[in-house]
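Work through the exercises below with the sequence and the coordinates at hand. Each task is followed by a solution in steps.

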Amino acid sequence: MATGFRVLKRERAVSADVVRRFLKLPVANVSDSMHRMTAAGPRLTKMHRDGQLAGPAITVKARPGDNLMLHKAIDMARPGDVIVVDAGGDLTNSLMGELMLAYAVKRGVAGFVLNGAIRDADAFLSTNLPVFAAGVTHRGPYKDGPGEINVPIAIDGMVIEPGDLVLGDSDGVLAVPFDIVEEVYARTSAKQDAETKQMAAIEAGTNDRSWVDAALKKLGCEIPEGI
């Protein structure tokens, strides 16, 4: 197969149980549990109304403004898959619109992450399939290739491999590598429990804020008495 123009099989993918469990967790807390070092960047914004994105990745590397390989990825997708496309972030031509969106819904695709543009933006709002993209343009795509399916890709430094867990909510998009999903889930669940207890303490007026002054003093900040 020629590198740059090939379709590969996905060899593994996170399970439906993993997806279900992560859907209960905010992306921000998952990110914190990964030491805040991974993100797909602020350009990728929500194109749907509401709801969370979660599912195993089918990855696509596409030429900017060309959606031939994205069409093939939708044909290949299994119900619950998230199709992640690195098309260089170019916004000159869209990668998909209303017709492709309707077909993807029929196929059971769980959502899209597009490092490129969409068109027919109102259809994305009304359909409300979780879709994150870098922008919107009325100019349509080309279908000439080249491109690759199910190869490692990167968006703003975040590496996504086929079968990795892809998450998205109003705070943005995050990929959790296949090999560490259980570790990250355990850390995030513990953080979620701690935040639930902290929120209860805030509501009760018993939240301990002594750590703020302790941190300032440790850093050498002078604080007058009584403040």
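**Exercise 1: two positive phi angles**

His 35 sits in the loop between helix 2 (27-33) and strand 2 (45-46); helices (H or I, at least four residues) and strands (E, at least two) are DSSP runs, numbered from the N terminus. This is a predicted model, in which local features need pLDDT of at least 70, side-chain atom pairs count only at pLDDT 80 or more, and totals for chains, interfaces and linings use all residues. Residues are numbered from 1 along each chain as its sequence is written, and side-chain values use heavy atoms, with hydrogens and water left out.

Task: state the sign of phi at His 35 and at Asp 120, and the accessibility of His 35 and of Asp 120.

Solution.
- Step 1. Phi of His 35 is positive, about 65°, although the residue is not a glycine.
- Step 2. His 35 has a relative accessible area of 59% and is therefore exposed; the classes are buried under 20% relative accessible area, exposed over 50%, and partly exposed in between (1.4 Å probe, protein chains only).
- Step 3. Asp 120, a residue other than glycine, has a positive phi near 60°. Its place is the loop between strand 6 (111-118) and helix 5 (121-127).
- Step 4. With a relative accessible area of 34%, Asp 120 is partly exposed.

**Exercise 2: the cis peptide**

Task: find the cis peptide bond that ends at Pro 146 and give its omega.

Solution.
- Step 1. The bond runs from Gly 145 to Pro 146, and its omega is near -5°.
- Step 2. Pro 146 belongs to the loop between strand 7 and strand 8.

**Exercise 3: salt bridges**

Task: examine the salt bridges of Lys 61 and Arg 63, and state where the partners lie.

Solution.
- Step 1. Apply the criterion: a side-chain nitrogen of Lys or Arg within 4 Å of a carboxyl oxygen of Asp or Glu. By this rule there are 13 salt bridges.
- Step 2. Lys 61 pairs with Asp 86 at 3.3 Å, N to O. This pair links distant parts of the chain, since Lys 61 is in strand 3 (residues 53-62) and Asp 86 in strand 4 (residues 82-86), 25 residues apart.
- Step 3. Lys 61 is partly exposed at 37% relative accessible area, whereas Asp 86 is buried at 9%.
- Step 4. Arg 63 forms a salt bridge with Asp 66 (3.0 Å, N to O). Asp 66 is buried, at 1% relative accessibility, and Arg 63 is partly exposed, at 32%.
- Step 5. Arg 63 also forms a salt bridge with Asp 144, the closest N and O atoms being 3.8 Å apart. Arg 63 is in the loop between strand 3 and helix 3 (68-76), and Asp 144 in the loop between strand 7 (131-136) and strand 8 (147-149), so the pair ties together parts 81 residues apart in sequence.
- Step 6. Asp 144 is exposed, with 54% relative accessible area.
- Step 7. Asp 17, Arg 20, Arg 21 and Glu 182 are joined into one network by salt bridges that share partners.

**Exercise 4: a helix pair**

Task: describe how helix 3 packs against helix 4 (residues 98-107).

Solution.
- Step 1. The two axes come within 9 Å and cross at roughly 20°; axes are lines fitted to C-alpha atoms, for helices over the stretch in contact, with angles from 0 to 180 degrees between N-to-C directions.
- Step 2. Helix 3 is therefore roughly parallel to helix 4, the term for angles under 35 degrees.
- Step 3. List the contacts (heavy atoms within 4.5 Å). Leu 70, His 71, Ile 74, Asp 75 and Met 76 of helix 3 meet Met 100, Tyr 103, Ala 104 and Arg 107 of helix 4.

**Exercise 5: the nonpolar cores**

Task: give the size of the largest nonpolar core and its residues with the most contacts inside it.

Solution.
- Step 1. Use the rule: buried Ala, Val, Leu, Ile, Met, Phe, Trp, Tyr and Cys residues joined through side-chain atoms within 4.5 Å.
- Step 2. The largest core has 32 residues, and those with the most contacts inside it are Phe 22, Val 30, Val 84, Val 113, Ile 160, Leu 165 and Val 166.
- Step 3. Strand 12 (residues 172-176) gives the most to this core, with four residues.
- Step 4. Another core, of 26 residues, lies apart from it and includes Ile 74, Ile 83, Phe 112 and Ile 149.

How values were computed: Angles under 35 degrees count as roughly parallel, over 145 as roughly antiparallel, 65 to 115 as roughly perpendicular and the rest as oblique.
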